[in-house]
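Dear colleague,

I am handing over the structure we discussed, and below it you will find my notes on what turned up in it. Please read them with the model open beside you.

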Amino acid sequence: QPGGLQPGQAGSQPGLQPGGLQPGQAGRQPGMQPGGLQPGQAGSQPGLQPGGLQPGQAGRQPGMQPGGLQPGQAGRQPGMQPGGMQPGQAGRQPGMQPGGLQPGQAGRQPGMQPGGMQPGQGGMQPGAQSGAQPGQPQPGMQPGGLQPKPGEDGYETPVTRRLTDALQEADVEARKEKEEIERRQRMMEEQRRIKAEKLKLLESIPDATPVGTVDEYMFQEGVQHQLDILDNELVGLIPVKRRVREIAALLIVDKMRKKLGLETAVPSLHMSFTGAPGTGKTTVAMRMGQILAKMGYCRSGHMQVATRDDLVGQYVGHTAPKTKEQIKEAMGGILFIDEAYYLYNASNDRDYGQESIEILLNVMESNKDDLVVVLAGYKDKMDRFYSYIPGMSSRIGNHIEFPNYTAEELVEIGKVMTSESEYELDPSCDSVFLEYIKTRMMMPYFSNARTVRNAVERARMRSAVRLFNTAMDGNGFLSARDLKLILPADITTAEELRARGMDAITE
């Protein structure tokens, strides 16, 4: 031993405990607990719990749970789940899934796939390829082997296609693309053939071949009748009528060229009417619609009148449906937009009118053969509007300015209006009416023909009051001429206007 001691000498020998003590002697011997106590003695012995307690005694013994509880007693025992539960009891047991579920019960068990599926059930099984046996894709199964329906775990898997279906669809798409290419090629070949035949026909037609007279087309198509109505309805407006005749001439010549087979293109018939109120813009637009319908450039020739309120919405997503509805109503005729400059608000970038303008620009380009858009308003404001929207001005091929009427022309317009209402102006009314018009033109809110219409309506009212008073004062008899004739006393005089004041709004 350390120190050179022989076995049996004092010191540490084999079988001796530290301190040289024999087994059974005082000190710590083999089999003794710390403190040198024999089994059964006070102290901690083998099989004793800390404190020297025998099994069954108070204290913690081998096989006992913390707190010294025997198996079956309250507490946690070997093989028991946290909380001291026996297998089969509430709690989590060996081989049970989280939540204490037995195999076959709801939950995930050993050997089961995610979602609690047994081998052979829905789910991905060992050795299965994405829901199929090796080399055998099963129809209708998704990656992971799940059927296209909600699983027991509550998740729904997307429906996918089989490889054969995907290949078939790819073949269909390729065939459709090929057919479309072939169709375009056939169309191009057909167009080339038609053009070659047309050229051959034109070469065979002598240059002196008569096609017909312009008058024949004018009367045959009914264009001359519409121009005559325009002349009768509108007094003056010589520049406007001249421009309308120029447009009609272009359409007539195109008709004659088409009869020979010559190439014709649909001209830009969109128009811009600028001028003061009451200068006949709406009336001219209506007649243009009828002329275009007679010439075959419009299906019906009707006119749809719209303003900003009809085209622009008041919230997001409201403008497009309103604008498209107005365009739909005007298809085949004329869309007349009065005071079109109100569509654009330069001071507000978020104004919804811009959306309406973009829709109109697209329709004016793509549907110019079935819709004519006419924009009307004051010249200065329309010029400013076109400066903000240059694409609008470039799409309009006919800019027509409506001049103000002269006083003499307005008197003639008054006679036409009374005649349409089956009244007659006494010859002595001309001078009174002319003086009234000249005075009214110098006052604010003058509106050309609209002012004349108001004056005629007032003359009719005064005539009715005069006739009523005359009949009541006399025998009550009135002749047909009395009912038709308008006298100078029925017309508002210039003196009456001046007496009201130059700033008076009333007529």
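**Aromatic pairs and the largest pocket**

F402 has a relative accessible area of 2% and is therefore buried. Please keep in mind throughout that this is a predicted model. F273, at 0% relative accessibility, is likewise counted as buried.

There are five aromatic pairs in the model, and F273 and F402 make up one of them, a tilted pair with 5.0 Å from centre to centre and 55° between the planes. Because F273 sits in strand β1 (residues 271-275) and F402 in strand β5 (residues 398-402), this pair ties together parts that lie 129 residues apart in sequence.

Another pair is formed by Y344 and Y388, whose ring centres are 5.2 Å apart and whose planes meet at 40°, so that this pair too is tilted. Y344 belongs to the loop between β3 (334-338) and α8 (353-366), while Y388 belongs to helix α9 (residues 379-388), so the pair links distant parts of the chain, 44 residues apart. Y344 is partly exposed, with a relative accessible area of 25%, and Y388 is also partly exposed, at 41%.

Turning to the largest pocket, its space comes to about 600 Å³. It is lined by 28 residues, of which G280, T283, M417, A449 and R453 are the closest to its centre. Helices α5 (281-295), α11 (407-420) and α13 (449-473) each contribute at least two residues to this lining, with α13 giving the most, namely five. Sorted by class, the lining holds 12 nonpolar, eight polar and eight charged residues.

With best wishes

How values were computed:
Residues numbered from 1 in each chain as written. Predicted model: local features only at pLDDT ≥ 70, side-chain atom pairs only at ≥ 80, totals over all residues. Heavy atoms only, no water. Phe/Tyr/Trp six-rings, centres within 6.5 Å; stacked < 30°, edge-to-face > 60°. Helix = DSSP H or I, 4+ residues; strand = E, 2+ residues; numbered from the N terminus. Buried < 20%, exposed > 50% of the residue type's maximum accessible area, 1.4 Å probe, protein only. 1 Å grid on protein atoms, 1.4 Å probe; cavity = no way out; pocket = protein on both sides within 12 Å on 5 of 7 lines; lining within 4 Å. Points joined across faces, edges and corners; volume = space filled by probe spheres on them. Nonpolar A, V, L, I, M, F, W, Y, C, P; charged D, E, K, R; others polar.
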